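Student: Could you pick one buried charged side chain and take me through its surroundings closely? After that, I'd like to hear how the rest fits around it.

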Amino acid sequence: MGNVMAIFGKEMRSYFGSPIAYVMAGVFLLFSGFVFRNQLLEFHDMAVYLKLAEREEKILLNVNTEVVTPFFEFQTFIWMIVIPMLTMRLYAEEKRGGTYELLMTSPITSAQILMGKFLACYVLYLLIEAMAFGYIGVLSMYAQLDWGPVFSGALAVVLIGATFISVGILASSLTENQIIAAVLSFFFLILLWIIDWAARFASDIFFVILKFLSLIEHTRDMIHGVVDTHDVVFFISAAAFFLFLTHTVLESRKWRA
Amino acid sequence: MIEVDRLTKRYGAFTAVDDISFQVGKGEIVGFLGPNGAGKTTTMRVLTCFLPATEGTARIAGYDIFDNPLEVKRRIGYLPELPPLYRDMRVRTYLEFIAKIKGVAPKEARQRIDEIVVQCGLVDRTEQLIGHLSKGYRQRVGLAQAILHDPEVIIMDEPTSGLDPNQIIEVRQLIRELAQERTVILSTHILPEVEMTCNRVIIIHEGKIVAVDTPENLTANMRDTTRFFVRISGDIDIAAKAIATIEGVSDVTQVNNGLHVHWPAEADLSAAVSARIVELGMGLVEMKREAMSLEEIFHALTMYEKEA
């Protein structure tokens, strides 16, 4: 555990000692803030319109479905772009700079290094996410929120982040070039994202499989307020699977040729 | 302390290290000497458990590098050719991180870092960013990193490459100090470095060990001839033949615009050679003693080994 914390501390220092953490937090908060504001204005317009129309039948206008849900949906989309930039350096930079040799010749296991790096990136992710959650805090002062779907949406974002990061770390472990690492993770993430479009034209068993592999499919219910254990398990096991693959990639270097 | 047993490392069809065996005792400083691509770095990477051996194995302090890598890693300090530094860290922060991952007890780490910083001459640089340090200081931080956890074995890959002459002297001094109670393996392609620092030299060429000896014995073999470069005005072929007949001259070869004349180290035939040139009625334009380059020395050594 001491070793994991040593790597964790080093990575955190590296994120916050350089502009990366601030730039990425800034980018994320700017875009998610922009979407949040747009959704709010749209909601406001609709409310004004309905009031002016003075319709007889009551139309339910719900701040959760009009503002909170799109906000979380859009967040997962921005993270897909931001996370590769947070993870790309984790292994690629060490390999390029020769410090990977230092880590691998120190009495510390690949698994400890991997956990330290994953946790550092994940904690940074959660910190940025917590700031974005502040927008909803502000909203709650002026609107009657249904907190259930809010928290389930947040849970979806928290879970999908772990998966995104583990995909990004896998890409970083495959190369010593940070750009290639970032491009690889974009590719993987977008693939896992749009795979259910392909499902639409697949038949029977392929439909089920492709649908199952799609990340977007597993967030959909949760963001709308339905927490299904099968989705939770999906994200946790996906993150574990990609971390396991990364560990295998790192250890394979030690196999006897 | 270090036992290498029939170690082989192949990259695909290429054999980088070919069936080498050697032993290093406690307190020894052993130099790996060889041209670039001889397999020095690969051997070191295998010994430090960074690369797996294809065949054979090695034991460090009794622990097998393949079966017990963590125990081996606890006992070695490794300075790769490119010092493994985080450029965005300050020197002290970096050493604190090293202390953690090398398993130095947290209570002792602070004191240990203070000692190392003095030993490596980094006292007034501890708050600087590593990226802002000069190459010589970076090398010192690299050394500090390798010895921080007080390892029994220190492995250094070309510890003086890229340093200026003063820094080289300092680093060699430091290595000798370090070696007093430790075992050191260092690699180099600079012959005098081996002479000055090592008790024993392992010459490695195309992945094979071609000689293991003390530096004194090896250099004695290489120094038994003297070479002069001679430039004349006149027919170079006639001059070459005439010089070759001087008693004691072992070899005369033509180079681009002059001659290389060799004779045994104990004789001094410079007077005889210049006299012969004057006798021929030619002008002696230039005559100077030449040091043999490493390539030639190395060549001579590998040839010597084959003849023996």
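Tutor: Let's go with B:Arg112: its relative accessibility is 16%, and the cut-off for buried is under 20%, so this arginine counts as buried. Keep in mind that this is a predicted model. You'll find B:Arg112 in helix α4 of chain B, which runs over residues 106-119. Now look at what its side chain meets. One of its polar atoms sits 3.0 Å from the backbone oxygen of B:Ile147. Setting aside neighbours within four places in sequence, B:Arg112 also has B:Leu148, B:Asp150 and B:Arg182 among its contacts, along with B:Ile147 itself.

Staying in chain B, there are other charged side chains to check. Take B:Glu158 and B:Lys40, which form a salt bridge with their closest N and O atoms 3.3 Å apart. This pair joins distant parts of the chain, 118 residues apart: B:Glu158 is in the loop between β7 (153-157) and α6 (165-179) of chain B, and B:Lys40 is in helix α1 of chain B, residues 40-47. B:Glu158 has 7% relative accessibility and so counts as buried; B:Lys40, at 4%, counts as buried too.

Then there's B:Lys208 with B:Asp18, whose side chains meet in a salt bridge at 2.9 Å, N to O. B:Lys208 belongs to strand β10 (residues 208-213) of chain B and B:Asp18 to strand β2 (residues 14-24) of chain B, so the bridge ties together parts that are 190 residues apart in sequence. Here the accessibility is another story: B:Lys208 comes out at 43%, so it counts as partly exposed, and B:Asp18 at 24% is also classed as partly exposed.

How far should you trust chain B? Its pLDDT averages 84, and 92% of the residues score at least 70. Confidence in chain B peaks in helix α3 (residues 91-101), at a mean of 94, and bottoms out in helix α11 (residues 294-307), at 55. Over residues 304-308 of chain B, pLDDT stays under 50, and the model has 3 contacts for that stretch beyond four places in sequence. Where pLDDT is low, the coordinates shouldn't be read in detail.

Next, how does chain B meet chain A? The complex gets an ipTM of 0.86 and a pTM of 0.83 from the predictor. Chain A brings 25 residues to the contact and chain B brings 30. Together the two chains bury about 2500 Å², with 60% of that on carbon and sulfur atoms. Between them there are 7 residue pairs in polar contact, counting pairs with both residues at pLDDT 80 or more. On the chain A side, the elements giving two or more residues are α1, α3 and α4 (99-104) of chain A. The count of salt bridges across this interface is 1, and here it is: the side chains of B:Arg45 and A:Glu101 meet at 3.0 Å, N to O.

Over all chains, the structure holds 26 salt bridges, so chain A deserves a look as well. A:Lys117 pairs with A:Glu94 in a salt bridge, the closest N and O atoms being 2.8 Å apart. That one links distant parts of the chain, 23 residues apart, with A:Lys117 in helix α5 of chain A and A:Glu94 in helix α3 of chain A. A:Lys117 is buried, at a relative accessible area of 0%, and A:Glu94 is buried at 2%. The pair belongs to a network of salt bridges that also includes A:Lys10, A:Glu11, A:Arg89 and A:Glu93.

Helix α2 of chain A (residues 20-53) offers a nice geometry check. At 1.5 Å a residue, its 34 residues should span 50 Å, and the end C-alpha atoms are 49 Å apart, which agrees. Its buried residues include A:Met24, A:Phe28, A:Leu29, A:Phe36 and A:Phe43. Among the elements covering the buried residues of this helix are α1 (2-17), α3 (63-97) and α5 (110-142) of chain A.

One last buried side chain in chain A: A:His218, in helix α9 (residues 215-223), has a relative accessible area of 2%. A polar atom of its side chain is 2.5 Å from the backbone oxygen of A:Phe212. Beyond four places in sequence, A:His218 touches residues including A:His230, A:Asp231, A:Phe234 and A:Phe235.

Definitions and conventions
Residues are numbered from 1 along each chain as its sequence is written. Chains are lettered from A and ligands numbered from 1 in the order in which they are written. Side-chain values use heavy atoms; hydrogens and water are left out. pLDDT is the predictor's confidence in each residue, from 0 to 100. Helices (H or I, at least four residues) and strands (E, at least two) are DSSP runs, numbered from the N terminus. Contact means heavy atoms within 4.5 Å. The expected span of a helix is 1.5 Å times one less than its number of residues. Buried means under 20% relative accessible area, exposed over 50%, partly exposed in between (1.4 Å probe, protein chains only). A polar contact is a pair of N or O atoms within 3.5 Å; within protein, one must be able to donate a hydrogen and the other to accept it, and residues adjacent in sequence count only if both atoms are side-chain atoms. Buried area is the accessible area (1.4 Å probe) that two parts lose on being put together, summed over both. A salt bridge is a side-chain nitrogen of Lys or Arg within 4 Å of a carboxyl oxygen of Asp or Glu.
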